[in-house]
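Visitor: I should like to understand the terms used to describe a protein model. May we go through them in turn?

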Amino acid sequence: MKLDLDKLLNRVDAIPGNFHIAIKVAKMLDDFNVNIQELSKIIGTDQSFTVQLLKLCNSAQFGFSRKIVTVNDAITRLGFKTLKSLVFVVVSKGSFNRPVEGYDLSKGELWRNSLSCAVYSKYLAEISGYKDPELAFTAGLLRDIGKLIIHEYVKEEYDNIINLVNTENIGFSEAEEKVLGYNHSQVGAKIATKWNFPKVLVETIEFHHNPKKANNDCVDKKLINIIHVADSIAMMLGIGIGNDGMMHSLSMDSLENLGIDINSVGIETLISDMVDLNSEIDLLMASIS
Ligand SMILES: [Fe+2]
């Protein structure tokens, strides 16, 4: 069965979550002359969103002794970039923290996996000297958004997809594309475009399993490599993975691009550094549970 992409994209608005607020806020935070009052007003229009955002700002992770009580306060103390990624965390929770049956993910699994990919992406950005670790965090967080849209179809066609993975020795994404006409990365990129995500995020979503397909027109190939490596390690570590978990490959070129030693010691060291970050992921999850 091939997907009808137009029909699918028309259904997308039914997804819970305030991505329109996140995009609006992210754009405002990109402008250093942003009107803070106006920004607070936009964030404040959704009260439960504001409550969750402030809870997250007050998480032990940031270690403030004096509580952050207003959005203005959060901007001053955390800075624009951090606040922007926290806005996406709050928004994403509404979409990711639920069962995603087609990928055999029970409630909370895709959420933990996405947060892990975000934290790992930020870490990889820092160790590889990438210019904007907070952007890497957000890109890592959102890379699997397409799974929310196509999981029902994956469920129906799962046997055919797995059959192709086994008989043609290809990855899950490639098999998804062959069976459904599109894989979750391509559908995710279409949704991100529809929701006016910045181009850089559309590209990280589109190429997170296949960084080699990113051509020279891409805004930020280094970020694509970061998200690909973070995604692969989150999957390898088995964090909130579903039925496609072990069926994606890690590109050695991406590792090399980030200056990571591709011998077994280099990769093992990286993976053990990632495992050390898991307490940070627990803290993040606990602060907006
Ligand atoms: Fe994915």
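Guide: The conversation below sets values beside definitions. This is a predicted model, in which local features need pLDDT of at least 70 and side-chain atom pairs count only at pLDDT 80 or more, while totals for chains, interfaces and linings use all residues. Residues are numbered from 1 along each chain as its sequence is written, and side-chain values use heavy atoms, with hydrogens and water left out.

Visitor: What makes an atom a donor of the iron ion?

Guide: Donors are N, O and S atoms within 2.8 Å of the metal (3.2 Å for Na, K and Ca); water is not among the atoms, so sites may look incomplete. The protein donors here are Asp144 (OD), His184 (NE2), His208 (NE2) and His209 (NE2), at 2.1 to 2.2 Å from the iron ion. Along the chain their spacing reads D-x39-H-x23-H-H.

Visitor: Why is the site of the iron ion called irregular?

Guide: Four donors count as tetrahedral if all angles lie between 85 and 135 degrees; four count as square planar and six as octahedral if opposite donors are over 155 degrees apart and all others between 65 and 115; anything else is irregular. The angles among the four donor atoms run from 87 to 178°, and the site is irregular. Aspartate 144 lies in the loop between α8 (133–142) and α9 (145–168) and histidine 208 in the loop between α12 (199–207) and α13 (221–236), so the pair ties together parts that are 64 residues apart in sequence. Helices (H or I, at least four residues) and strands (E, at least two) are DSSP runs, numbered from the N terminus.

Visitor: How do you know whether serine 185 is buried or exposed?

Guide: Buried means under 20% relative accessible area, exposed over 50%, partly exposed in between (1.4 Å probe, protein chains only). Serine 185 has 2% relative accessibility and therefore counts as buried. Serine 185 belongs to helix α11 (residues 184–194). Leaving aside neighbours within four places in sequence, serine 185 is in contact (heavy atoms within 4.5 Å) with Ser173, Ile205, Glu206, His208 and His209. Aspartate 144 and histidine 208 are both buried too.

Visitor: Why is aspartate 104 called exposed?

Guide: Its relative accessible area is 54%, so aspartate 104 counts as exposed. Aspartate 104 is in the loop between α6 and α7 (109–127). Its phi is near 60°, a positive value in a residue other than glycine. Most residues other than glycine have a negative phi.

Visitor: What makes α13 roughly perpendicular to α15?

Guide: Axes are lines fitted to C-alpha atoms, for helices over the stretch in contact, and angles run from 0 to 180 degrees between N-to-C directions. Angles under 35 degrees count as roughly parallel, over 145 as roughly antiparallel, 65 to 115 as roughly perpendicular and the rest as oblique. The axes of α13 and helix α15 (residues 264–276) come within 11 Å and cross at roughly 75°. That makes α13 roughly perpendicular to α15. In this contact Val229, Ile233 and Met236 of α13 meet Leu270, Ile271 and Met274 of α15.

Visitor: Why is α6 called roughly parallel to α8?

Guide: Helix α6 (residues 80–96) and α8 pack at an angle of about 10°, with axes 9 Å apart. That makes α6 roughly parallel to α8.
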